[in-house]
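These are my notebook entries on one protein chain. I set down what I looked up, in the order in which I looked.

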Amino acid sequence: MATNSVRVAAAQMTSITDVAANFATCSRLVKEAALAGAKLLCFPEAFSFVGAKDGDSVRIAEPLDGPIMEKYCSLARESSIWLSLGGFQEKGPDPEHLFNTHVIVDDTGKIRSSYRKIHLFDVDVPGGSPIGRLGLSVCYDLRFPELYQLLRFKHGAQVLLVPAAFTKVTGEAHWEILLRARAIESQCYVIAATQAGKHNDKRETMVIHNYRSMGNHC
């Protein structure tokens, strides 16, 4: 019996305080993934920027229709690939706050769905993604199993996306265990793209393989 398969890529990178340099890295990874035949490329949390001090992320935050996100939408369109952009610094309701937002962009460059960290809302992707219905989350959400139960059993998610920037200590101790638990209890595919390495003098994230799993195979 023939089995349909779809290629998905998970990117691992070391984002820095330079938005342009991070975009250049992401652009290279998108082109590599598209050339390899991937239909969806998942980026880690804070893919576009990692601040070096308090206030940096708020300072560079933009709305989802701003120039930073528009570049990534153009990148998806030019390479005809879906992008999971997890942990984008979206401009908040006032000058002192921002949203940590997971954005799904389709292969035409259109934003199809978004999720602001911890605040769950409809996970339906209009028209469907090339790999099924997506459940969106970000990093620390991974510690709350109820969120993934809702995504799976209330909203019908088939694939759980977990972009992250776990610190080195907690990442090495908890990352894979938590991902396996979420996969087993939901019986969903889990795709988790991570940051890795030293971003600046104050920030270092884990160095560990990107993770993808099917719950009933764990």
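The entries below move from the sheet to the salt bridges and then to the surface.

**Entry 1: the model**

I note at the outset that this is a predicted model.

**Entry 2: the sheet as a whole**

I began with the strand order. I found an open sheet of five strands in the order β1-β2-β3-β4-β5, with mixed pairing. Which strands stand at the edges? They are β1 (8-10) and β5 (111-116); each has a single partner strand, so one side of each is left without a neighbour in the sheet. From one strand to the next, the twist averages 25°.

I recalled the general rule here. Strands of a sheet pair through backbone hydrogen bonds, either parallel or antiparallel.

**Entry 3: β1, β2 and the helix**

I looked up the pairing of β1 with β2 and found it to be parallel, over three bridges. One residue pair to locate on the display is A9 with its bridge partner L41 in β2.

I then asked which way the side chains of β2 point. L40 and C42 point one way, L41 and F43 point the other way, and all are buried. The general pattern is useful to remember at this place. In a regular strand the side chains alternate between the two faces of the sheet.

Helix α1 (residues 19-35) packs on the sheet, where it touches β1, β2 (40-43) and β3. The direction of helix α1 makes about 150° with that of β2.

**Entry 4: β3, β4 and β5**

I followed the chain into the antiparallel part of the sheet. Strand β3 (residues 82-91) pairs with strand β4 (residues 98-105) in the antiparallel sense, over seven bridges. I marked two positions in this pairing: L83 stands opposite V105 in β4, and E90 stands opposite F99 in β4. β3 and β4 form a hairpin, with six residues between them.

How many bridges join β4 to β5? I found five, and the two strands run antiparallel. V105 appears again in this pairing, with I111 of β5 as its bridge partner. Hence V105 has L83 opposite it and I111 as a partner in β5. The hairpin of β4 and β5 has five residues between the strands, and G109 there takes a positive phi near 90°.

**Entry 5: salt bridges**

A search of the whole structure gave eight salt bridges. I examined several of them.

In the pair E32 and R28, the side chains meet with an N to O distance of 3.3 Å. Why are E32 and R28 about one helical turn apart? They are separated in this way because they lie four residues apart in helix α1. E32 is partly exposed at 44% relative accessibility, and R28 is partly exposed at 43%.

The salt bridge of K117 and E45 has an N to O distance of 3.5 Å. This pair links distant parts of the chain, 72 residues apart: K117 is in the loop between β5 and β6 (134-136), and E45 is in the loop between β2 and α2. Is E45 buried or exposed? E45 counts as buried, because its relative accessibility is 9% and the cut-off for buried is under 20%. K117 is partly exposed, with a relative accessible area of 24%.

D106 forms a salt bridge with R112, and their closest N and O atoms are 2.8 Å apart. D106 counts as buried at 3% relative accessibility, and R112 counts as buried at 18%.

I also recorded a network of salt bridges that links K53, D56 and R59.

**Entry 6: G55**

I looked up G55 and found it in the loop between β2 and α2 (56-60). Its relative accessible area is 45%, so G55 is partly exposed. G55 and H97 are 42 residues apart along the chain, and their C-alpha atoms are separated by 9.2 Å.

**Entry 7: a surface patch**

Which residues form a nonpolar patch on the surface? I found I118, Y140 and F144, with about 300 Å² of accessible area together. I checked one of them, F144, in more detail. F144 lies in the loop between β6 and α4 (145-154) and counts as partly exposed at 36% relative accessibility.

Key
Residues numbered from 1 in each chain as written. Predicted model: local features only at pLDDT ≥ 70, side-chain atom pairs only at ≥ 80, totals over all residues. Heavy atoms only, no water. Pairing = 2+ DSSP bridges. Axes fitted to C-alpha atoms, helices over the stretch in contact; angles between N-to-C directions. Contact = heavy atoms within 4.5 Å. Buried < 20%, exposed > 50% of the residue type's maximum accessible area, 1.4 Å probe, protein only. Salt bridge = Lys/Arg side-chain N within 4 Å of Asp/Glu carboxyl O. Patch = residues over 30% accessible without salt bridge, like charges linked within 9 Å, V, L, I, M, F, W, Y side chains within 5 Å. Areas by Shrake-Rupley, 256 points an atom, 1.4 Å probe, with all protein chains shown as cover.
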